[in-house]
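Reader: I would like to go through the charged pairs and the surface of this protein. Could we begin with the pairs?

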Amino acid sequence: MSRKNKTSDEYDREAMVAFKAAPVTVEDLARAWASMDGKDEAFDAGKDNPNDETGHYDGYCVEAREIIERATKYALKRKT
């Protein structure tokens, strides 16, 4: 998605269309968030290690679920 000559609303609509078309999971969102924080390697390492003490995997998954829940709540509120 290129931002060239597009408004923010147009870019947002394109991003949401792509998001809805993909089989995105909570884990995908959590990993994306971790990668934005530069923690994708720690996230991936924690996924397969039940003894992981960094909490990166579980922490990002919990926060991704919370974002989804809040976004859903706000979207439903906006529609009324």
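Author: Please keep in mind that this is a predicted model. A convenient place to begin is R31, which is partly exposed, with a relative accessible area of 34%.

Reader: Which side chain does R31 meet in a salt bridge?

Author: The partner of R31 is D44, and the N to O distance in this salt bridge is 2.6 Å. The two residues link distant parts of the chain, as R31 belongs to helix α2 and D44 to helix α3, 13 residues apart.

Reader: Is D44 buried, partly exposed or exposed?

Author: D44 has a relative accessibility of 30% and counts as partly exposed. Buried would require a value under 20%, and exposed a value over 50%.

Reader: How many salt bridges does the structure hold?

Author: There are four salt bridges in the structure. One of them joins the side chains of K47 and E27, with 3.2 Å from N to O.

Reader: Which parts does that pair tie together?

Author: K47 is in helix α3, residues 40-47, while E27 is in helix α2, residues 26-36, so the salt bridge ties together parts that are 20 residues apart in sequence.

Reader: And what are the accessibilities there, first for K47?

Author: K47 has a relative accessible area of 43%, which makes K47 partly exposed. E27 is also partly exposed, at 26% relative accessibility.

Reader: What about R70, which side chain does it meet?

Author: The side chain of R70 forms a salt bridge with that of E66, at 2.5 Å from N to O.

Reader: Where do R70 and E66 lie?

Author: Both are in helix α4, which covers residues 56-79. They are four residues apart, about one turn of the helix. As for accessibility, R70 counts as partly exposed at 44%, and E66 counts as partly exposed at 33%.

Reader: Changing topic: which residues make the nonpolar surface patch?

Author: The patch is made by M16, F19 and V24, and its area is about 240 Å².

Reader: In which helix is M16 found?

Author: M16 is located in helix α1, which runs over residues 8-21.

Reader: Why can M16 count as partly exposed and still be part of a patch?

Author: M16 has 42% relative accessibility and therefore counts as partly exposed. Patches are made of residues with over 30% relative accessible area and no salt bridge, so the 42% of M16 meets the area cut-off.

Definitions and conventions
Residues numbered from 1 in each chain as written. Predicted model: local features only at pLDDT ≥ 70, side-chain atom pairs only at ≥ 80, totals over all residues. Heavy atoms only, no water. Patch = residues over 30% accessible without salt bridge, like charges linked within 9 Å, V, L, I, M, F, W, Y side chains within 5 Å. Areas by Shrake-Rupley, 256 points an atom, 1.4 Å probe, with all protein chains shown as cover. Buried < 20%, exposed > 50% of the residue type's maximum accessible area, 1.4 Å probe, protein only.
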